[in-house]
Amino acid sequence: MKPNLKIVPTSEILPLTGFSEKKVIYLKNIIENSESIKNPLALAAVEHKYLLLEDAALLEAIRRANIHFVPAQVIRLKKNLKIYANLFAKDPVDSCLDDFQARFPRSCRFVNESATGDFNNSHTIFAPGSGKQDEKVLAIKKTGAGYISPLVFDFLEYLACSCTLIEKIFPSEWRAVNLKKHDPPELLRITNLTGTDLRFSGMNGYLLPSGSLRVEFGSRIIGINFPVRVLNEGVPAHQKEQFLYDLVNFRLKSGFSEYIKSGVYLLNY
């Protein structure tokens, strides 16, 4: 494993998702209390900028903490990159899909799930139903240049206004509760996403909902605790990068590193 580690200005990082205000406050408190950034941010380099391949709450928390540089692990946007965009809605979404398709009949249409492989010029939004036959698949055509259509993001904004979207619970909100059975939330999946789509949406400011994006790019380094004071020092970036590599090598040689199937996790003890 030879990760590409860099020190990157926060001004050059473009988010791909929105963020939860509660999560920003929670992460900012962790950064300020620990005086460090625990994990290098996962970024992809594009046209003198970087795409943030994780939830934007972390980047927003870092910016609010007046930190202008971050440790980063930079990856390439390969063609076989696995990208998942999943969203949970508390309310039924059938009527939203029907109404949105009716508004844009030339750009959106319902298709059969088994036939979606034939729609290479579209992105599809899967919505569950009570049974397999009830599942709806809405195909939204790509732009004439082959990019993801802005209508995908228009639909997500429309959905957010019409339904209650469910966000993940983070530790500061954990409480002892009595578990009760509820109707399962509805899961929407946006498929056929590629690195090209991420580049187009990031460069044009189109954002996915908070917590909806997951990118599998291989091995990831975590748990190095990069000191904020080093990031804020007025020294050249290459010196900070050397400190980052030294920190990673120290962790690898310390005996407190753990290898698992999906990559290397560097753990602080």
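Student: How many aromatic pairs does the structure hold?

Tutor: This predicted model holds seven aromatic pairs.

Student: Take F100 and Y158. Why is that pair called tilted?

Tutor: Their ring centres lie 5.9 Å apart and the planes meet at 35°. Centres within 6.5 Å make a pair, and planes that are neither under 30 degrees nor over 60 count as tilted, so tilted is the word for F100 and Y158.

Student: What makes F100 and Y158 a link between parts apart in sequence?

Tutor: F100 lies in helix 3 (residues 94-103) and Y158 in helix 4 (residues 150-162), so the pair ties together parts 58 residues apart in sequence.

Student: Buried or exposed: how does F100 count?

Tutor: F100 has 2% relative accessibility, and the buried cut-off is under 20%, so F100 counts as buried. Y158 comes in at 21%, so that ring's residue is partly exposed.

Student: And why is the pair of F226 and F243 called edge-to-face?

Tutor: The angle between the planes is 75°, with 5.3 Å centre to centre. Over 60 degrees counts as edge-to-face, so the name fits F226 and F243. F226 sits in strand 13 (residues 226-227) and F243 in helix 7 (residues 237-253), so this pair ties together parts 17 residues apart in sequence. F226, at 0% relative accessibility, is buried, while F243, at 31%, is partly exposed.

Student: Which residues form one aromatic cluster?

Tutor: F100, F104, F155 and Y158.

Student: What sits over the ring of F110?

Tutor: The charged end of K136, 5.3 Å from the ring centre. R189 lies over the face of F126, at 4.6 Å from the centre of that ring.

Key
Residues numbered from 1 in each chain as written. Predicted model: local features only at pLDDT ≥ 70, side-chain atom pairs only at ≥ 80, totals over all residues. Heavy atoms only, no water. Phe/Tyr/Trp six-rings, centres within 6.5 Å; stacked < 30°, edge-to-face > 60°. Helix = DSSP H or I, 4+ residues; strand = E, 2+ residues; numbered from the N terminus. Buried < 20%, exposed > 50% of the residue type's maximum accessible area, 1.4 Å probe, protein only. Lys NZ or Arg CZ within 6 Å of the ring centre and 35° of its normal.
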